[in-house]
Amino acid sequence: MPPRPGSATDLVPPALPHVVHARDHPSNAIAAAVARGALMRVGRGTYLPTTDVSPRAEALARVIGTHARVATDHVFSHATAAMLHGLPLWRTPGRTHVRMAVTGGGRRDPLVVRHRGIPGDGVVDVLGLPCTDLERTTWDCLLSLPALDGLVVTDAAVRAGVSVDALLDRANRSARVRGVPRARAVLAHA
């Protein structure tokens, strides 16, 4: 029997796909596998077997590749963290969101969005990957996603135990932050 609307749900993180890292294989072997259609590139140095291709698998593979490649402290956030927590998303994220203490340096990857600052608390381990906790993830999604996308994430997070009052308190403390008016409007419907 499906849960009643508004009842608490246990979030189930997604199964992580098998990822091939270019650094672990000779470049000619990777090139040959891509040429024969056995692998597809999903991010810098990150490949996914073509037997496991879907938008969600590609997004998850990019997360694994980013985690393996980033040398500094980092935490996955925004829609990326929502996906890792198992929250439903209106759209699969096309880019990986990661919070870092320092965002400069290194080659930029157009599929990775770097956000400055790792939260002092509110970091959890999901599938062996550092993520913002559910409340912070929901807040980040409220600020950055279009209203409908943010509502989908927020409704599921509230069913999983995130307090609307705690999110409203964040909105009141962040009055001058871009996206707060939209976040308040979405919270009124959550």
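Is His21 buried or exposed? Select His21 and show the surface around this side chain: His21 is buried, with a relative accessible area of 14%. Here, buried means under 20% relative accessible area, exposed means over 50%, and partly exposed lies in between, using a 1.4 Å probe and protein chains only.

Before going on, a word about what is on your screen. This is a predicted model, in which local features need pLDDT of at least 70, side-chain atom pairs count only at pLDDT 80 or more, and totals for chains, interfaces and linings use all residues. Residues are numbered from 1 along each chain as its sequence is written, and side-chain values use heavy atoms, with hydrogens and water left out.

**Stop 1: around His21**

His21 lies in strand 1. Strands (E, at least two residues) and helices (H or I, at least four residues) are DSSP runs, numbered from the N terminus. Keep His21 selected and add Gly45, Ile64, Gly65 and Ala68: His21 touches these residues, not counting those up to four places away in sequence. Contact means heavy atoms within 4.5 Å. Now add Thr46, the bridge partner of His21 in strand 3.

**Stop 2: the three-stranded sheet**

Zoom out to see the sheet, which is open and has three strands in the order 1-3-2, with antiparallel pairing. Two strands pair if DSSP finds at least two bridges between them. Strands of a sheet pair through backbone hydrogen bonds, either parallel or antiparallel.

Select residues 46-49 to see strand 3, which pairs with strand 1 in the antiparallel sense over two bridges. Val20 stands opposite Tyr47 of strand 3. On the other pairing, four bridges join strand 2 to strand 3, and these strands run antiparallel. Pick Arg41 and Tyr47 to find one bridge pair, then Leu39 and Pro49, which stand opposite each other.

Next, show the side chains of strand 3. Thr46 and Leu48 point one way, Tyr47 and Pro49 point the other way, and all are buried. Then click on Gly45, in the hairpin of strand 2 and strand 3: two residues lie between the strands, and Gly45 takes a positive phi near 70 degrees.

**Stop 3: helix 2 and its neighbours**

Select residues 55-69. This is helix 2, which lies across strand 1, strand 2 and strand 3, running at about 145 degrees to strand 3. Axes are lines fitted to C-alpha atoms, for helices over the stretch in contact, and angles run from 0 to 180 degrees between N-to-C directions.

Add helix 3, residues 78-85. The axes of helix 2 and helix 3 come within 11 Å and cross at roughly 110 degrees. Helix 2 and helix 3 are therefore roughly perpendicular to each other; angles of 65 to 115 degrees count as roughly perpendicular, under 35 as roughly parallel, over 145 as roughly antiparallel, and the rest as oblique. Color Arg56, Ala59, Leu60 and Val63 in helix 2, then Thr80, Met83 and Leu84 in helix 3, to see where they meet.

Leu16 is worth a click here too, in the segment before strand 1. At 33% relative accessibility, Leu16 counts as partly exposed. Leaving aside neighbours within four places in sequence, Leu16 is in contact with Leu60, Ile64, Leu84 and Leu127.

**Stop 4: helix 4**

How many of the 11 residues of helix 4 are buried? Select residues 134-144 and check: eight are buried, and the helix is mostly covered. Among them are Trp139, Asp140 and Cys141. The buried residues of helix 4 pack against several elements, including strand 5 (96-100), strand 8 (129-132) and helix 5 (147-159).

**Stop 5: helix 6 and helix 7**

Finally, select residues 164-173 for helix 6 and 180-189 for helix 7, which pack at an angle of about 160 degrees with their axes 10 Å apart. Helix 6 and helix 7 are therefore roughly antiparallel to each other. Color Val164, Leu167, Leu168, Ala171 and Asn172 in helix 6, and Val180, Arg184 and Leu187 in helix 7, to show where the two helices meet. By class, this contact has six nonpolar, one polar and one charged residues. Ala, Val, Leu, Ile, Met, Phe, Trp, Tyr, Cys and Pro count as nonpolar, Asp, Glu, Lys and Arg as charged, and the others, Gly among them, as polar.
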